[in-house]
Amino acid sequence: MEVILASASPRRLALLRQVGVEPIVKVSHIEEVSSAATPQELVKENALLKGRAVCRTSSRGDLVVAADTVVALDGTVLGKPASPEEAMEMLRMLSGRTHQVHTGLAVFYGGREKAVVETTDVTFAPLTDAMIRRYIATGEPDDKAGAYGIQGIAALFIPSIRGSYSNVVGLPLASLYAVCNALGVDFYDTVHDPGHGPGRTSP
């Protein structure tokens, strides 16, 4: 059985490697849904779309993992900033407040699929404009939802979270373990294989 990650995210790949999984990376290239009734419905629908697209070019016996993550403040989704000015605006909004990170996780195996949504509350310390400018100058916010990366320099600004840390990075590992088990896949005996070679990318 192959483990297939339906995502180009280097952070999701790193999280799987953290638990000993070397997946094949297949990017779906589908057009993602941009709006839904709630951020939770949005990420769940996009995760399912990504996974189903990759399943069409994969074996029924492969384990396909797909995910979609958004940052939401008061129910409003904050995407990746298009400019330093937009990053500044987002970080000012997050400053001194608690927001939510929602990840839709969809797993496919043996013709079955199961999708869940994981939510983590993230609290930011108050940030001055000078602090925000220095952070933006590092380039870290450029490709990240909400204009920050908890696994990087932004950890300095986050005094507390409630929920899964790996969810904020982009892939809730404990939920992945539970979903795999629900689909009849023993994560350690069948998927976890520290002896795998380097990660592979599907053409």
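Before anything else, a word on naming: when I say helix or strand I mean a DSSP run, with helices of at least four residues and strands of at least two, numbered from the N terminus. With that in place, please also keep in mind that what we are looking at is a predicted model.

Let me start with a residue early in the chain, S9, which sits in the loop between strand 1 and helix 1. Because its relative accessible area is 14%, and buried means under 20%, S9 counts as buried. A polar atom of the S9 side chain lies 3.2 Å from the backbone nitrogen of R11.

From there I would like to move to the nonpolar interior. As a general point, nonpolar side chains in soluble globular proteins tend to be buried together. In this model the largest nonpolar core has 43 residues, and the members that touch the most others are L91, V107, F124, Y148, L171 and L176. Several elements give two or more residues to this core, among them strand 1 (3–5), helix 1 (10–18), strand 3 (63–73), helix 3 (84–94) and strand 5 (98–109), and helices 4, 5 and 6 are also on that list, at 129–137, 165–169 and 173–182. Apart from this core lies another one, of eleven residues, which includes I4, A6, V54 and A66.

Which residues does L176 contact, once its neighbours within four places in sequence are left aside? The contacts of L176 are L16, V65, L105, V107, L171 and F187.

Y148, another of the residues that touch the most other core members, deserves a longer look. Y148 lies in the loop between helix 4 and strand 7, the latter spanning 160–162, and with a relative accessibility of 5% Y148 is buried. Leaving aside neighbours within four places in sequence, its contacts include V71, L91, L94, V101, V122, F124 and Y135, and also P141, A154, I158 and V168. H99 is in contact with Y148 too, and the side chains of Y148 and H99 are joined by a polar contact of 2.7 Å. Y148 and P81 are 67 residues apart along the chain, while their C-alpha atoms are separated by 9.7 Å.

A147 belongs to the loop between helix 4 and strand 7. Its relative accessibility is 0%, so A147 counts as buried. A147 has a positive phi, near 70 degrees, in a residue other than glycine.

H29 also has a positive phi, of about 60 degrees, although H29 is not a glycine. Is H29 buried or exposed? With a relative accessible area of 71%, H29 is exposed, and its place is in the loop between strand 2 (24–25) and helix 2.

Next, L73, a residue of strand 3. L73 has a relative accessibility of 4% and therefore counts as buried. Beyond its neighbours within four places in sequence, L73 is in contact with L78, M93, L94, R97, T98 and H99. L73 and Q100 are 27 residues apart in sequence, and their C-alpha atoms are 6.4 Å apart in space.

In helix 6 we find S175, which is buried, with a relative accessibility of 15%. Its side chain and that of E118 are joined by a polar contact of 2.5 Å. Leaving aside neighbours within four places in sequence, S175 is in contact with L105, V116 and E118. The C-alpha atoms of S175 and A115, which are 60 residues apart along the chain, are separated by 10.0 Å.

Finally, let me turn from packed residues to empty space. In general, such space can be found by rolling a probe the size of a water molecule over the atoms. The largest pocket here has a volume of about 720 Å³. Of the 35 residues that line this pocket, R12, K50, D68, T69 and K80 are the closest to its centre. Helix 1, helix 2 (39–55), strand 3 and helix 5 each give two or more residues to the lining.

Which element provides the largest share of that lining? Strand 3 does, with four residues. Sorted by class, the lining of the largest pocket has 16 nonpolar, eleven polar and eight charged residues. Strand 3 is thus worth following on the structure, as one of the elements that give two or more residues to the largest core and as the source of the largest share of the pocket lining.

Methods:
Residues are numbered from 1 along each chain as its sequence is written. This is a predicted model: local features need pLDDT of at least 70, side-chain atom pairs count only at pLDDT 80 or more; totals for chains, interfaces and linings use all residues. Side-chain values use heavy atoms; hydrogens and water are left out. A nonpolar core is a set of buried Ala, Val, Leu, Ile, Met, Phe, Trp, Tyr and Cys residues joined through side-chain atoms within 4.5 Å. Buried means under 20% relative accessible area, exposed over 50%, partly exposed in between (1.4 Å probe, protein chains only). Contact means heavy atoms within 4.5 Å. On a 1 Å grid over the protein atoms alone, a cavity is a set of points where a 1.4 Å probe fits but cannot get out, and a pocket is an open set with protein on both sides within 12 Å along at least five of seven lines; lining residues have an atom within 4 Å of a point. Grid points are joined across faces, edges and corners, and a volume is the space filled by probe spheres set on the points. Ala, Val, Leu, Ile, Met, Phe, Trp, Tyr, Cys and Pro count as nonpolar, Asp, Glu, Lys and Arg as charged, and the others, Gly among them, as polar. A polar contact is a pair of N or O atoms within 3.5 Å; within protein, one must be able to donate a hydrogen and the other to accept it, and residues adjacent in sequence count only if both atoms are side-chain atoms.
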